[in-house]
Amino acid sequence: MRTEWTPADLPGREFYKLLTSVVVPRPIAWVSTTSEEGVDNLAPHSFFTISCIEPPIVQFTSVGRKDSLTNVEATREFVVNLAPEPLQDRVNASGTRYPADVSEFDALDIAREPSVEVRPPRVASSPVALECALHSTLTLGDSTVVFGRIVRAAVDKGYLDGDHPDVELLRPLARLGRNEWSTLGEVRRIDRIPYTP
């Protein structure tokens, strides 16, 4: 037996809470941007995925109008930094609603690293940075989906197995429901099964 709801049954943010509890785990885009005034912003976004391969495009969603969205719209650039397990407390703290003129990098003592292709800095202690140029945005209700074309990918050599990033070294964080987070856990290799007529 199932318990069932329509969006009308769960008003306000209640259906949102249901969705974020069942669409799990969600990888975290730790997005760095720079405002027109030169303030560096850093915020986690757990509505994040790959959108396209050719050209390489990633997307994150701003629920409501956040500084990340305002800055991307103004400057057309951002960086997606991987959110690793050892930095969980800082990733979480960067989600605090600081005023737009306060940099999370400075408030939380997070070291910057210069980007190569875009103005917003990378997180120096993050093992992966995807430098992005704004491709487009799509407004859906109370949210805006931001699509970014990757112009440079940088991976710390210490996290590579040959030329390939090693997920067990990267230790990515994920969001679950409520205030729940997830770490990598067991990694299993399962090969695709080719079709045999």
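## Two unusual prolines

Pro-55 sits in the loop between β4 and β5. This is a predicted model, and in it Glu-54 and Pro-55 are joined by a cis peptide bond, with omega at about 0°. A second cis bond runs from Val-24 to Pro-25, and here omega is near -10°. Pro-25 has its place in the loop between α1 and β1 (26-27).

What makes these bonds worth a look? Most peptide bonds are trans. So if you're browsing the backbone, Val-24 to Pro-25 and Glu-54 to Pro-55 are two good places to stop.

## Two arginines with positive phi

Now for another backbone oddity. Most residues other than glycine have a negative phi. Arg-76 goes the other way, with a positive phi near 65°. You'll find Arg-76 in the loop between α2 (67-75) and β6. Is Arg-76 buried or partly exposed? Its relative accessibility is 44%, so Arg-76 counts as partly exposed.

Arg-178 also has a positive phi, near 45°. Its home is the loop between β13 (174-175) and β14 (181-182). With a relative accessible area of 71%, Arg-178 is exposed, because that value is over the 50% cut-off.

## Aromatic pairs

How many aromatic pairs turn up when the whole structure is searched? The search finds two. One of them is made by Tyr-16 and Phe-47, whose rings are 6.3 Å apart, centre to centre. The angle between their planes is 50°, which makes the pair tilted. Tyr-16 belongs to helix α1, while Phe-47 is in the loop between β3 (40-45) and β4 (48-52), so the pair ties together parts that are 31 residues apart in sequence. Both rings get some exposure: Tyr-16 is partly exposed at 32% relative accessible area, and Phe-47 is partly exposed at 29%.

The other pair is Phe-60 with Phe-78. Their ring centres are 5.3 Å apart and their planes meet at 80°, so this one is edge-to-face. Which elements does it link? Phe-60 comes from strand β5 (residues 57-63) and Phe-78 from strand β6 (residues 77-82), so the pair ties together parts that are 18 residues apart in sequence. Phe-60 and Phe-78 are both buried.

## Around helix α1

Back to Tyr-16, which has a further neighbour. Arg-13 lies over the face of the Tyr-16 ring, at 4.3 Å from the ring centre.

Further along, Val-22 lies in helix α1, which covers residues 14-22. Is Val-22 buried or exposed? It counts as exposed, because its relative accessibility is 56% and the cut-off for that label is over 50%. Val-22 joins Leu-19 and Val-23 in making a nonpolar patch on the surface, with an area of about 260 Å².

## The annotated domain

What does the UniProt record say about residues 21-175? In an unreviewed entry, UniProt lists this span as "domain: Flavin reductase like".

In the model, the C-alpha atoms at the two ends of residues 21-175 lie 9 Å apart. As for the make-up of the span, 16% is helix and 44% is strand.

Key: Residues are numbered from 1 along each chain as its sequence is written. This is a predicted model: local features need pLDDT of at least 70, side-chain atom pairs count only at pLDDT 80 or more; totals for chains, interfaces and linings use all residues. Side-chain values use heavy atoms; hydrogens and water are left out. Patches are made of residues with over 30% relative accessible area and no salt bridge: like charges are joined within 9 Å, nonpolar side chains (Val, Leu, Ile, Met, Phe, Trp, Tyr) within 5 Å. Accessible areas come from the Shrake-Rupley method with a 1.4 Å probe; for residues, only the protein chains shown count as cover. A salt bridge is a side-chain nitrogen of Lys or Arg within 4 Å of a carboxyl oxygen of Asp or Glu. Helices (H or I, at least four residues) and strands (E, at least two) are DSSP runs, numbered from the N terminus. Buried means under 20% relative accessible area, exposed over 50%, partly exposed in between (1.4 Å probe, protein chains only). UniProt positions are given in the numbering used here, feature names are shortened, and annotations may be inferred rather than shown by experiment. Rings of Phe, Tyr and Trp (its six-membered ring) pair if their centres lie within 6.5 Å; planes under 30 degrees apart count as stacked, over 60 as edge-to-face and the rest as tilted. A charge sits over a ring if NZ of Lys or CZ of Arg is within 6 Å of the ring centre and within 35 degrees of the ring normal.
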